[in-house]
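Welcome! Here is a short briefing to read alongside the structure, starting with strand pairing and moving outward from there.

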Amino acid sequence: MSRITAVFVLSLVMTLFGAFSAVASGPSSPEEAIVALKEGNIRFVDGRSAHPNLDLERIRDTSANGQHPFATIIGCSDSRVPLELALDQGIGDLFIIRVAGNVCSTDEIGSIEYGVDHLRTPLMVVMGHSKCGACTAVAEGAEVHGSIPALVAPIGDAVKAVKAHDHSLSGDELVAAVVEENVWQSIEDLLMKSPDTLKHVNGGTVKVIGAVYDIETGEVRWLGEHPKQSAIIAAAGGGNPHIATADPHGEADAGHGAGHH
Ligand SMILES: [Zn+2]
């Protein structure tokens, strides 16, 4: 065997091994993914982060073999909510959407669908956070300008729901209640507008859960699935695959539909 052939064979073996280890190493079920995120956040809060998957080898591996993140997360753009750091994860681990107020409108839902339906992350998390400026602005009826009113419109629904439940809340208590309700609102908006996500939730391949990050302690409070998930799924059409195919994105769906079942 010539030296060049030997080098080629060696690099081929390393590439194959890299592909195998990239696929096999991460959590593959919703439950495993939740445990990995919970453990990562505990390490972060305790000041003993492992900073996994941040070396040059990981960069090369994910570049050569593609990304296989184990969770899709939508969180707020707030600079105090650094998701990879707070969950102690590295390159290629998390498919993250960050937008002010972690709202689920068209662009965010499309990005989530890429993570859930194309990359097949077994877990989807909506992560709100304490003292959220977007939630505070809407809860207090602050004047907002430019493109911000349209951006924060979904938070208005969360404020209405909180006030309908308890009209006496104000100040910090009101903001905290809106932050949590806004997590449920985003999950509801996602499930109502994304047949692709519903299909995976119904099939048990994906769990959609809520969480709230505390910017004072770094701790994540895990909220679990939407308490009214069954009712939302029923209202959304049950995640029937025929409805998903009728979606405007139906063609793209059919393109990789072979691997769905
Ligand atoms: Zn925020």
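β1 and β3 run parallel and are joined by five bridges; strands count as paired if DSSP finds at least two bridges between them. Helices (H or I, at least four residues) and strands (E, at least two) are DSSP runs, numbered from the N terminus. This is a predicted model, in which local features need pLDDT of at least 70, side-chain atom pairs count only at pLDDT 80 or more, and totals for chains, interfaces and linings use all residues. Residues are numbered from 1 along each chain as its sequence is written.

**Around β1**
- Ala71 of β1 has Leu123 in β3 as its bridge partner.
- β1 also pairs with β2, again in the parallel sense, over five bridges, and here Gly75 stands opposite Arg98.
- Five of the five residues of β1 are buried, so this strand is largely enclosed by the rest of the structure; buried means that 20 or more other C-beta atoms, placed from the backbone, lie within 10 Å of a residue's own.
- Ala71, Ile73 and Gly75 point one way from β1, while Thr72 and Ile74 point the other way.

**The whole sheet**
- The five strands form an open sheet in the order β2-β1-β3-β4-β5, with mixed pairing.
- β2 (94-98) and β5 (220-224) each have a single partner strand, so one side of each is left without a neighbour in the sheet.
- β4 (residues 207-213) pairs with β5 in the antiparallel sense over four bridges, and Tyr213 has Val220 of β5 as its bridge partner.

**The protein chain**
- The protein chain has twelve helices and five strands.
- Of its 261 residues, 38% count as buried.

Terms used:
Buried ≥ 20, exposed ≤ 12 C-beta atoms within 10 Å, placed from the backbone.
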